[in-house]
There are 4 protein chains.
Amino acid sequence: MKAIVHVSLKPEVLDPQGKAIARASAALGYAAVRGVRQGKVFEVELDERDEARARAIVAELCAKLLANPVIEDFRIERFEP
Amino acid sequence: MKAIVHVSLKPEVLDPQGKAIARASAALGYAAVRGVRQGKVFEVELDERDEARARAIVAELCAKLLANPVIEDFRIERFEP
Amino acid sequence: MKAIVHVSLKPEVLDPQGKAIARASAALGYAAVRGVRQGKVFEVELDERDEARARAIVAELCAKLLANPVIEDFRIERFEP
Amino acid sequence: MKAIVHVSLKPEVLDPQGKAIARASAALGYAAVRGVRQGKVFEVELDERDEARARAIVAELCAKLLANPVIEDFRIERFEP
């Protein structure tokens, strides 16, 4: 199965490049854009049929390889078959 | 409302850093990990209540500011209130 | 002229993806690799011939758009004609 | 020693996020900014005193783990002691 994982800067951490995109959107005339935050998405392909075990593996990977828990949050969005 | 957007390398485009994470996972003993692909996720905050209009704006932003359509795919994952 | 700018995580900020690359290097047999840190490089093309003025502009851009000064350091590496 | 490596999109590959930063710069009043390209910089710490050997290792890492040669160029900028 495949796990879809989001890694985002914690809400209190400034995201200057997200801000640059928001400013560029405004400059292009998209007045409705209030803000942009940029994060990472990981698609993790797993040779594992049990979702609980897959979830445990992916959570460990997040903590060890994918995210910096001091400045980032991670969330397993979903599993795909 | 808030749009959640994924920007991913097209499937035929090599992702060496995703591969590095997969190899590091194997080296750490996570034998179930078959592959990792890394992309970007954008959270776009919009001052717009109509989902169809929000979708149109976000699709234009993707094409102009968020993704390189030659090497990347984008997908509006969902809208949040 | 063109400014080459490095934006790097501050030394005390963990870089899990750099670590993943270092682990993958070891797994591939590159025993000499002790560590890897990943940052961003920006090439800023400027319509400005005076290096002091160019430097002042680029430093402001770093502070406003390119780096998060809480977690990142920036350095203007050099100017190219 | 430490190797400083730049990985940049090939000149013919569009960089929408670099463009967003350039547009945001203009929107902030920095009229001299003509364009911005964003790449990655890697600092590779090596347990190797011979620069020729270090260079060979880092070039292999670039090709295998750091860059996608189809869309990116890499360059070893310099070695630091």
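Before you click on anything, a word on axes: they are lines fitted to C-alpha atoms, for helices over the stretch in contact, and angles run from 0 to 180 degrees between N-to-C directions. Helices (H or I, at least four residues) and strands (E, at least two) are DSSP runs, numbered from the N terminus.

What you have open is a predicted model, in which local features need pLDDT of at least 70 and side-chain atom pairs count only at pLDDT 80 or more, while totals for chains, interfaces and linings use all residues. Residues are numbered from 1 along each chain as its sequence is written, chains are lettered from A and ligands numbered from 1 in the order in which they are written, and side-chain values use heavy atoms, with hydrogens and water left out.

**Stop 1: a helix crossing**

Select helix 2 of chain B (residues 51-66) and helix 1 of chain D (residues 16-27): their axes come within 8 Å and cross at roughly 90°. Helix 2 of chain B and helix 1 of chain D therefore count as roughly perpendicular (angles under 35 degrees are roughly parallel, over 145 roughly antiparallel, 65 to 115 roughly perpendicular and the rest oblique).

Now show the side chains. Contact means heavy atoms within 4.5 Å, and here K64(B), L65(B) and L66(B) meet P16(D), Q17(D), A20(D) and R23(D). By class, that helix contact has 4 nonpolar, 1 polar and 2 charged residues (Ala, Val, Leu, Ile, Met, Phe, Trp, Tyr, Cys and Pro count as nonpolar, Asp, Glu, Lys and Arg as charged, and the others, Gly among them, as polar).

**Stop 2: chains A and B**

Next, show chains A and B. The contact takes 34 residues from chain A and 34 residues from chain B. Between chain A and chain B about 3000 Å² is buried, with carbon and sulfur atoms giving 61%; buried area is the accessible area (1.4 Å probe) that two parts lose on being put together, summed over both.

How are the two copies related? A turn of 180° with a shift of 0.0 Å along the axis lays chain A on chain B, with an RMSD of 0.0 Å (least squares on the C-alpha atoms of residues with pLDDT of at least 70 in both). Pick K40(A): of the residues of chain A, its C-alpha comes closest to the rotation axis, at 2.2 Å. The same surface serves both copies, as 100% of the contact residues of chain A recur in chain B.

Look for salt bridges too (a side-chain nitrogen of Lys or Arg within 4 Å of a carboxyl oxygen of Asp or Glu). There are 4 between chain A and chain B; select D47(A) and R34(B) for a salt bridge at 3.7 Å, N to O.

**Stop 3: chains D and C**

Over to the other pair. A rotation of 180° with 0.0 Å of shift along its axis superposes chain D on chain C, RMSD 0.0 Å. The two copies are thus related as by a two-fold rotation axis. In chain D, the C-alpha nearest the axis belongs to K40(D), 2.2 Å away.

Chain D and chain C bury about 3000 Å² between them, and 4 salt bridges cross their interface. Zoom in on E77(C) and R78(D), which form a salt bridge with closest N and O atoms 2.8 Å apart.

**Last stop: inside chain A**

Over all chains the count comes to 40 salt bridges. Finish with K2(A) and E43(A), a salt bridge whose closest N and O atoms are 3.1 Å apart. The pair links distant parts of the chain, with K2(A) in strand 1 (residues 2-9) and E43(A) in strand 2 (residues 33-46) of chain A, 41 residues apart.
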